[in-house]
Amino acid sequence: MTDEPTNFLYPFIDAQEHDPQSLLADLTASAQAKSSQSLALRRATVAENSELLASAAAEMARRFAAGGRMFTFGNGGSCTDCTTLARLFARPPIGDPLPAWSLTADQAIITALGNDVGFELVFARQLIARAKPGDIAIAMSTSGSSPNLMAALAEARKRDMYTVGFAGYDGGQFAKSDDVDACFVVRSQSVHRIQEAQALVGYELWRAVHEQLAHEQMGV
């Protein structure tokens with residue numbers, strides 16, 4: 001077995017350190033640095049996307065008010081993030097629940113479609129069966145280029161859904177595709193920091209939609 005270097009992630013792991021206090025100091029410094037990086041990136045991402053958050057929230061609120069529903073999807077860590085986002089809309093801490101589902105939640109459906117038609121279509125096929133014009137599709141990814149997400153977004157476009165992409169790095173294919181109405185890009189090379197910032201963007205999106213609907217109900 002070949003030992004793989006881990007210095008680029010956690011420098012203290014490979015260090016020949018025998019002093020517990022020194023090791024603890026290294027661990028503390030590493031955690032503080034990551035926390036600072038995460039906070040700065042989250043703040044910058046929300047600031048850079050403030051106008052897009054407002055316009056996307058307005059469109060989503062309009063569609064929800066007209067009876068639209070939201071479907072989220074993603075792979076790996078983004079699978080859990082998209083499920084968390086759908087749950088936030090469907091079971092919010094305040095305000096009325098909104099119809100939102102994660103297309104990754106049903107293992108039977110995912111494995112059946114993966115086996116029968118291929119993994120690239122596990123989300124697109126679900127939209128074919130469930131979605132209608134006026135609904136909302138949200139794809140979450142770090143790369144912004146996963147083939148099964150692109151296939152689902154293309155299908156959503158055919159069905160007159162409002163399409164939202166969450167991506168990292170430079171936005172990947174999400175940022176270039178005509179099938180994506182709004183693309184929130186977290187400009188980082190770290191998967192961890194990208195997903196942390198995306199979680200905040202998702203919360204801010206929910207909050208803006210909630211506020212928009214509340215204003216409309218009050219006739220503001």
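Modeller: Let's start with the words for exposure: a residue is buried under 20% relative accessible area, exposed over 50%, and partly exposed in between. This is a predicted model, so please read each value as computed from it.

Colleague: Thanks! Why does Tyr203 count as partly exposed?

Modeller: Its relative accessibility is 37%. That value lies between 20% and 50%, so Tyr203 is partly exposed.

Colleague: And what makes Trp206 buried?

Modeller: Trp206 has a relative accessible area of 3%, and since buried means under 20%, the word fits.

Colleague: Let's turn to the rings. How many aromatic pairs does the structure hold?

Modeller: There are 5 aromatic pairs. One of them joins Phe166 and Phe184, with 5.4 Å centre to centre and 55 degrees between the planes.

Colleague: Why is the pair of Phe166 and Phe184 called tilted?

Modeller: The centres, at 5.4 Å, lie within 6.5 Å, so the rings pair. Stacked needs planes under 30 degrees apart and edge-to-face needs over 60, so 55 degrees counts as tilted.

Colleague: Which parts does that pair tie together?

Modeller: Phe166 lies in strand E4 (residues 162-168) and Phe184 in strand E5 (residues 182-186), so the pair ties together parts that are 18 residues apart in sequence. Phe166 is buried at 1% relative accessible area, and Phe184 is buried at 2%.

Colleague: What is the angle between the planes of Tyr203 and Trp206?

Modeller: It is 45 degrees, with 5.5 Å centre to centre. As 45 degrees is neither under 30 nor over 60, this aromatic pair is tilted. Tyr203 and Trp206 both lie in helix H9 (residues 191-217), 3 residues apart, about one turn of the helix.

Colleague: How do you know that Arg130 lies over the face of Trp101?

Modeller: Arg130 is 5.4 Å from the ring centre, which satisfies the 6 Å limit. The rule also asks for a position within 35 degrees of the ring normal, and Arg130 is indeed assigned to the face of Trp101.

Colleague: Now the cysteines. Why is Cys79 in no disulfide?

Modeller: The count comes to 0 disulfides. For Cys79 the nearest cysteine sulfur, that of Cys82, is 5.3 Å away; a disulfide needs sulfur atoms within 2.5 Å, so the two do not qualify. Cys79 is partly exposed at 21%, while Cys82 is buried at 0%.

Colleague: What makes Arg157 and Asp181 a salt bridge?

Modeller: Their closest N and O atoms are 2.8 Å apart. The cut-off is 4 Å, so the pair counts. Arg157 is in helix H7 (residues 147-158) and Asp181 in the loop between helix H8 (172-176) and E5, so in terms of sequence they are distant parts of the chain, 24 residues apart.

Colleague: Which salt bridge does Glu204 form?

Modeller: Glu204 pairs with Arg207, the closest N and O atoms being 2.6 Å apart; that is within 4 Å, so it is a salt bridge. Both lie in helix H9, 3 residues apart. Glu204 is buried at 16%, whereas Arg207 is partly exposed at 32%.

Colleague: Which residues are linked with Arg62 in a network of salt bridges?

Modeller: Glu59 and Arg63 are linked with Arg62 in that network. The bridge between Arg62 and Glu59 has an N to O distance of 2.7 Å, and the two lie in helix H3 (residues 50-65), about one turn apart. In total, the structure holds 9 salt bridges.

Technical notes: Residues are numbered from 1 along each chain as its sequence is written. This is a predicted model: local features need pLDDT of at least 70, side-chain atom pairs count only at pLDDT 80 or more; totals for chains, interfaces and linings use all residues. Side-chain values use heavy atoms; hydrogens and water are left out. Rings of Phe, Tyr and Trp (its six-membered ring) pair if their centres lie within 6.5 Å; planes under 30 degrees apart count as stacked, over 60 as edge-to-face and the rest as tilted. Helices (H or I, at least four residues) and strands (E, at least two) are DSSP runs, numbered from the N terminus. Buried means under 20% relative accessible area, exposed over 50%, partly exposed in between (1.4 Å probe, protein chains only). A salt bridge is a side-chain nitrogen of Lys or Arg within 4 Å of a carboxyl oxygen of Asp or Glu.
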